[in-house]
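User: I would like to go through this structure by question and answer. Please begin with the terms that are needed.

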Amino acid sequence: MDAGQYNIVCKQGSTFSLPFTIDEDGTLWNVLGWSARMQVRPFVESDTVLLSLTNGNGITLAAGGSVTISITAAQLSAMPPGTHVYDLELIDLSNSPESILEGKFILRPETTR
């Protein structure tokens, strides 16, 4: 399956949550017991990781193909505003990674501090 394209837009200093369900041709994925990882970088080739999430640390995997990405206000406050890139991978029970989502990670600056 090709990774879905989705641009995430967040506000610095706010919490962010993105719940979604993974299905392929109408069949829900069973992601229980899988691992997840997501990184945000300034650009694809950059060695700098602005944000790193894993299951149990910002990514929740549940029955019925349910995935939730959660980012705290403190994590978003620590990142520079601007347009960055991200991707989200799930690793199945045979340790095979599957790219699920990718796109721009747009962090708008906080005005009220």
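Analyst: Two strands pair if DSSP finds at least two bridges between them; strands (E, at least two residues) and helices (H or I, at least four) are DSSP runs, numbered from the N terminus. This is a predicted model, in which local features need pLDDT of at least 70, side-chain atom pairs count only at pLDDT 80 or more, and totals for chains, interfaces and linings use all residues. Residues are numbered from 1 along each chain as its sequence is written, and side-chain values use heavy atoms, with hydrogens and water left out.

User: How many bridges pair strand 3 with strand 9?

Analyst: Strand 3 covers residues 16–21 and strand 9 covers residues 66–71. S17 stands opposite S70, and T21 has S66 as its bridge partner. The two strands run in the antiparallel sense, and the number of bridges is six.

User: Which residues of strand 3 point to the buried face?

Analyst: Buried means under 20% relative accessible area, exposed over 50%, and partly exposed in between (1.4 Å probe, protein chains only). The side chains of strand 3 alternate: S17, P19 and T21 point to one face and are not buried. The residues that point to the other face and are buried are F16, L18 and F20.

User: Which residue in the turn between strand 8 and strand 9 has a positive phi?

Analyst: Strand 8 (residues 58–62) is joined to strand 9 by four bridges, and the two run antiparallel. T60 of strand 8 stands opposite T68 of strand 9. The two strands form a hairpin with three residues between them, and the one in the turn with a positive phi, of about 70 degrees, is G64.

User: Which strand gives the most to the largest nonpolar core?

Analyst: A nonpolar core is a set of buried Ala, Val, Leu, Ile, Met, Phe, Trp, Tyr and Cys residues joined through side-chain atoms within 4.5 Å. The largest one has 28 residues, of which F20, M38, L88 and F105 touch the most other members. Strands that supply at least two residues each include strand 3 and strand 9. With four residues, the one that gives the most is strand 11.

User: Is H84 buried or exposed?

Analyst: H84 is found in strand 10, residues 82–91. A polar atom of its side chain lies 2.8 Å from the backbone oxygen of P80. Because its relative accessible area is 7%, H84 is buried.

Notes
Polar contact = N/O pair within 3.5 Å; in protein donor to acceptor, adjacent residues only side chain to side chain.
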